[in-house]
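Student: I would like a close look at one part of this model, with the surroundings built up step by step. Here is the structure I have in mind.

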Amino acid sequence: MKVAKIFNCQRCGFCCQGETTVSLDEDDQRRMVHCLGLSVEEVRDRYWRVTGTCVQMKTVNGHCIFYNEGCLVHSGRPWRCGQWPLHPSILQDVMNFHTIAESCPGINTTLGYEEFCTILREVMADEKKVCC
Ligand code: SF4
Ligand code: SF4
């Protein structure tokens with residue numbers, strides 16, 4: 001797996017911590033509702049924080065409500081959760097690479113930036129092929 005050359009999740013949970021979470025777009029909301037097997041209303045009441053048009057997950061004790069030594073809604077998690085930490089902004093600026101690497105111990109920092117980006121481009125191209 002190419003991705004394993006640049007990223008191996010350490011399951012530290014850091015990306016699921018904080019007083020806010022990523023926002024869910026409409027596809028995320030549908031996928032999460034389907035994954036949980038509940039009605040939209042139940043999912044909204046139990047798990048979402050809705051502010052105007054912004055839908056996020058609730059937080060409990062400083063982490064996402066779905067975090068418990070791993071993601072309890074893994075197959076229904078928002079796409080931004082699935083994308084992390086291989087964000088395309090890494091390709092734009094080495095500082096973005098360092099910022100993300102500082103907050104994610106799963107990033108392989110033993111590679112040089114250029115080599116990391118070369119593999120990341122290949123990973124993204126492969127994902128695009130699978131999606132289309
Ligand atoms: S911060 Fe990185 S290593 Fe830690 S759980 Fe999140 S993706 Fe995995
Ligand atoms: S949905 Fe899962 S991966 Fe995303 S922040 Fe919550 S626990 Fe973490």
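Leaving aside its neighbours within four places in sequence, with which residues is Cys15 in contact?

Tutor: The model is a predicted one, and within it Cys15 is in contact with Trp84 and Cys104, once its neighbours within four places in sequence are left aside. Cys15, Trp84 and Cys104 are also listed among the residues around ligand 1. The rest of that shell consists of Cys9, Gln10, Arg11, Cys12, Gly13, Phe14, Pro85, Pro105 and Gly106. Sorted by class, the shell around ligand 1 holds eight nonpolar residues, three polar ones and one charged one.

Cys15 belongs, in addition, to the largest nonpolar core, a set of 11 residues that also includes Cys16, Leu24, Met32, Val43, Tyr47, Val55, Met57, Cys64, Phe66 and Tyr67. Two elements, α3 (40-47) and β2 (54-57), are the ones that give two or more residues to this core. Another core lies apart from it and has eight residues, among them Phe7, Ile90, Ile107 and Phe116.

The next residue to follow is Cys16, a member of the largest nonpolar core that is also found around ligand 2. Met57, Cys64, Phe66 and Tyr67 likewise appear both in that core and in the surroundings of ligand 2, where they are joined by Thr21, Cys71, Val73, Arg77 and Cys81. By class, the shell around ligand 2 is made up of eight nonpolar residues, one polar residue and one charged residue.

Met57 leads on to the strands, since that residue of β2 is the bridge partner of Trp48. Strand β1, which covers residues 48-51, is joined to β2 by four bridges, and the two run antiparallel. The hairpin that β1 and β2 form has two residues between the strands, and in it Gly52 adopts a positive phi near 60°.

To place this part in the whole, the protein chain contains six helices and four strands, and from the N terminus on its elements follow the order α-α-α-β-β-β-β-α-α-α. The C-alpha trace spans about 45 × 35 × 25 Å along its principal axes, and 19% of the 132 residues count as buried. Among the contacts in the protein chain with a separation of 6 or more, 65% come from residues 24 or more positions apart.

Key:
Residues numbered from 1 in each chain as written. Chains lettered and ligands numbered in written order. Predicted model: local features only at pLDDT ≥ 70, side-chain atom pairs only at ≥ 80, totals over all residues. Near = placed C-beta within 6 Å. Nonpolar A, V, L, I, M, F, W, Y, C, P; charged D, E, K, R; others polar. Core = buried A, V, L, I, M, F, W, Y, C linked by C-beta atoms within 7 Å. Buried ≥ 20, exposed ≤ 12 C-beta atoms within 10 Å, placed from the backbone. Contact = placed C-beta atoms within 7 Å. Pairing = 2+ DSSP bridges.
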